[in-house]
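Work through these exercises with the structure open beside you. Try each task before you read its solution.

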Amino acid sequence: MDPLEKKKLSERDICSKFITPAIIHSGWNHDLQVREEVNVTDGRVLVNGNSVSRAKPRRADYILYYKQNLPIAVIEAKDNTHSVGAGMQQALAYAEMMDIPFVFSSNGDGFLLHDRSGCYDPMEIELSLDEFPRPTDLWTRYRKWKGLDERKEQIVTQGYYIDDIRKTPRYYQMNAINRTVEAIANGQDRALLVMATGTGKTYTAFQIIWRLWKAGVKKRILFLADRNILVDQTKTNDFKPFGSAMTKITNRQVDKSYEIYLSLYQAVTGSEEERNIYKEFSRDFFDLIIVDECHRGSAADDAMWREILDYFSSATHIGLTATPKETKYVSNVHYFGEPVYVYSLKQGIEDGFLAPYRVYRIDLDKDLQGWRPERGQKDKYGHEIEDRIYNQKDFDRSLVIEQRTKLVARKVSDFLKNTGRYDKTIVFCENIDHAERMRQYLVNENSDLVKENGRYIVRITGDSPEGKAELDNFIIPDSKYPVIATTSKLMGTGVDAQTCKLIVIDKRIESMSEFKQIIGRGTRINEDYNKYFFTIMDFRKVSELFADPDFDGEPLDGSLYDPTDPIAPPQPKPREPSGAMKYVVNDVPVTVVAERVQYIAADGKLITESLEDYTKKNVTQQYATLNAFLTSWTKAEQKTVILEELEEQGVLFEALQEQVGKDYDPFDLICHVVFGQPPMSRRERAAKVRKANYFTKYAEPARKVLDALLSKYSDGGIGDIESMEVLRVDPFTTFGTPFEIVNTIFGGSANYLEAIRRLERCLYTAEC
């Protein structure tokens with residue numbers, strides 16, 4: 001092809017005419033080994049007030065697989081106006097994310113190869129189109145890189161289970177599975193996987209077991225968890241393909257005829273009076289044991305789970321957790337070793353697989369100042385209250401201030417009335433008694449909806465069979481009721497509440513792992529039910545105590561809590577009054593001292609500075625001066641493109657409107673907040689256009705259309721002017737179809753678009 005003609009081709013044309021034929025010519029099976037335009041991530045959810053959008057997903061032009069489960073090469077394509085290596089930096093980013101060793105960039109003239117495995121010398125080499133490596137060439141180098149002999153190769157090439165809907169692991173799940181299988185193939189007998197809540201740890205565990213089981217290297221497997229709901233969900237959902245080879249250990253009965261065993265650890269251990277039924281299995285019965293949620297108890301040397309692990313010490317042990325380190329002194333790393341793979345909450349949010357959240361922190365006067373009874377003061381039941389200062393660590397434990405609980409219930413209810421009264425909500429309380437009182441006060445605040453259905457608010461705690469019976473209904477997205485659940489510990493783990501939009505924390509939390517497990521109840525995204533983000537309403541400063549620089553903690557280095565550190569969160573035990581009396585007072589007023597909403601930034605961190613300062617910092621990174629912003633705004637054919645770019649960088653226009661003024665256009669918000677210019681409301685800008693000579697340049701039908709567009713701008717903003725969809729709604733339907741408006745009234749799309757540009761110039765400049 002003529003070089004000049006080649007430079008006119010699009011990137012996709014370069015792929016179809018040059019890159020794909022070169023790959024196929026080298027022996028790659030296009031149907032089985034080559035995937036094109038692969039979405040590696042879903043695109044981060046961008047939260048702007050109560051509205052959401054998504055950033056662009058990260059998309060690889062090509063991923064090449066030696067086997068179904070082994071991505072071995074990534075190729076980034078560019079059109080021919082770029083150099084052959086122009087896509088290398090982007091390709092390297094994908095390769096690092098996906099553990100891929102061989103990285104290529106191409107512009108259709110040839111390939112630039114970057115070798116992350118160290119098998120090529122030099123590390124980067126340019127190849128012609130005819131020199132693209134064959135699958136066996138790359139696999140030979142891969143085997144050398146990984147040190148695979150024939151036995152190890154058989155294990156690591158064993159395929160995944162693929163169901164009828166062709167569900168395959170996400171990239172990070174694939175990384176976790178492959179690294180674990182490779183570690184076991186290399187003889188490692190203890191492994192730890194750290195994956196944030198909501199990222200599919202159980203599905204990942206299933207695929208690990210499936211591959212090792214099918215490869216014949218692990219024939220009998222035990223999956224341990226500490227909650228019945230975890231075991232039952234696992235058996236019914238992710239582990240279902242094991243079919244008749246699988247059993248759940250129940251009724252303290254042992255049947256040794258199965259291959260896959262699921263069990264509560266309580267079901268196989270016992271007190272001195274009860275038999276430890278796990279000892280009915282021989283010590284070498286199991287080849288593999290997987291401990292789910294291994295942060296709870298298994299790390300301690302005297303934990304019951306450790307009894308089981310020590311008994312079956314010859315088996316391979318894999319721990320799954322979202323928080324490997326509970327304290328400085330108790331860490332799963334000590335037992336399982338350094339994680340073979342870590343996928344954090346921060347990364348999950350960045351990739352768009354997990355829901356971001358904002359924090360709404362409410363400080364109450366009695367929480368900050370404490371409360372001391374008057375001499376001889378009695379509670380509502382006539383008990384004299386011990387004379388001392390009561391503070392947050394006492395509330396709802398040794399002292400109940402009913403007005404405080406009522407205030408919390410009212411603030412929660414007011415929030416839902418502004419956002420959505422049928423948004424699934426979990427309220428975490430100190431204990432069962434607190435959860436019951438919270439339920440009562442929430443009922444009184446929402447009596448209208450409780451009259452419609454008594455299950456609108458329920459208490460789901462371990463002592464309530466009726467409440468526990470509603471747990472599945474709360475979890476199931478299709479189930480409307482219950483909407484609000486009060487709880488203490490039961491719903492803190494193992495509850496896959498995909499549609500939960502509000503998590504209320506009104507309990508002291510003294511463990512990083514407990515905090516992350518509670519937050520994990522809201523991290524799922526469910527697009528079918530408009531669940532893209534969630535809110536934490538924090539009444540106990542928990543989010544402040546456990547916030548960290550990376551928003552997800554440091555899973556490997558440093559302690560999460562050091563009791564000798566003077567700036568670490570204090571962990572005093574609640575001081576009980578003599579006789580362990582719980583006092584209840586109903587005449588102590590409680591007020592809100594401060595309220596603050598904290599948002600998620602584009603980098604995944606919690607914004608703790610003022611919204612104005614945060615906005616200035618983000619905008620000035622791209623537009624250092626007002627003139628630079630105005631120049632870019634004026635030149636842009638579509639202003640919404642600039643706004644979308646700023647939103648992707650983290651500018652929260654809707655939140656700014658709530659704080660500065662809802663009548664201001666994003667243009668004025670930036671000019672005012674960032675550059676200190678006096679703002680004009682949309683109505684003022686629209687009035688300015690109507691006073692000018694703008695409309696006189698057009699015939700009567702066009703004037704009416706433009707005037708209607710101006711009204712739309714006044715009500716909704718610049719997006720309504722630039723969207724062609726606006727022509728499909730009233731009052732534009734009275735002028736004709738969009739085609740008739742554009743072509744008949746304005747004489748074609750070019751004239752219509754020019755009229756829009758002129759209207760925008762008149763709105764934002766003196767040119768009318």
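The exercises below use a predicted model.

**Exercise 1. The whole chain**

Task: Find how many helices and strands the chain has, and what share of its residues is buried.

Solution:
- Start with the elements. The chain has 30 helices and 24 strands.
- Turn to burial. Of 768 residues, 55% count as buried.
- Look at the surface. Its accessible area is about 33,500 Å², and carbon and sulfur atoms hold 46% of it.
- Finish with the contacts. Take those between residues at least 6 apart in sequence: 70% of them join residues at least 24 apart.

**Exercise 2. The sheet with β1**

Task: Give the strand order of the open sheet of six strands, and name its edge strands.

Solution:
- Read the order across the sheet: β1-β4-β5-β6-β7-β8. The pairing is mixed.
- Find the edges. β1 (34–39) and β8 (124–128) are the edge strands, because each pairs on one side only.
- Check the twist. Neighbouring strands are turned by 30° against each other on average, direction ignored.
- Inspect one pair. β1 and β4 (residues 59–67) are antiparallel, with five bridges. In this pair, V38 stands opposite A60 of β4.
- Add the helix. α2 (residues 11–25) packs on the sheet and touches β1, β4, β5 (70–77), β6 (102–106) and β7 (110–115). The directions of α2 and β4 make an angle of about 15°.

**Exercise 3. The sheet with β10**

Task: State whether the pairing in the open sheet of seven strands is parallel or antiparallel, and find which helix touches β10, β11 and β12.

Solution:
- Recall the general point. Strands pair through backbone hydrogen bonds, in a parallel or an antiparallel way.
- Apply it here. The order is β11-β12-β10-β13-β14-β9-β15, and the pairing is parallel.
- Mark the edges: β11 (246–248) and β15 (341–343), each pairing on one side only. The twist averages 15° from one strand to the next.
- Take β10 (residues 221–225) and β12 (residues 260–264). They pair in the parallel sense over five bridges. I221 stands opposite I260 in β12.
- Now find the helix. α8 (residues 228–236) packs on the sheet, touching β10, β11 and β12. Its direction makes about 155° with that of β12.
- Compare another helix. α6 (residues 171–185) lies across β9 (190–195), β14 (316–321) and β15, and runs at about 165° to β15.

**Exercise 4. Helix α29**

Task: Work out which residues of α29 are buried, and what they pack against.

Solution:
- Locate the helix at residues 738–745. P738, I741 and V742 are buried there.
- Ask where they point. They share one side of α29, because they cover an arc of only 90° around the axis.
- Look at the other side. F739 and T744 are exposed there.
- Identify the partners. The buried residues pack against α27 (700–716) and α30 (749–764).
- Step past the end of the helix. G747 follows α29 and has a positive phi, near 80°.

**Exercise 5. Two aspartates**

Task: Decide whether D730 is buried or exposed, then do the same for D365.

Solution:
- Place D730 in the loop between α28 (718–722) and α29.
- Apply the cut-off. Exposed means over 50% relative accessible area. D730 has 55%, so D730 counts as exposed.
- Check its side chain. A polar contact of 2.5 Å joins D730 to the side chain of T733.
- Place D365 in helix α13 (residues 365–369).
- Apply the other cut-off. Buried means under 20%. D365 has 9%, so D365 counts as buried.
- List its contacts beyond four places in sequence: G370, P589, V590, T591 and V593.

Technical notes:
Residues numbered from 1 in each chain as written. Heavy atoms only, no water. Helix = DSSP H or I, 4+ residues; strand = E, 2+ residues; numbered from the N terminus. Buried < 20%, exposed > 50% of the residue type's maximum accessible area, 1.4 Å probe, protein only. Contact = heavy atoms within 4.5 Å. Areas by Shrake-Rupley, 256 points an atom, 1.4 Å probe, with all protein chains shown as cover. Arc of directions from axis to C-beta. Polar contact = N/O pair within 3.5 Å; in protein donor to acceptor, adjacent residues only side chain to side chain. Pairing = 2+ DSSP bridges. Axes fitted to C-alpha atoms, helices over the stretch in contact; angles between N-to-C directions.
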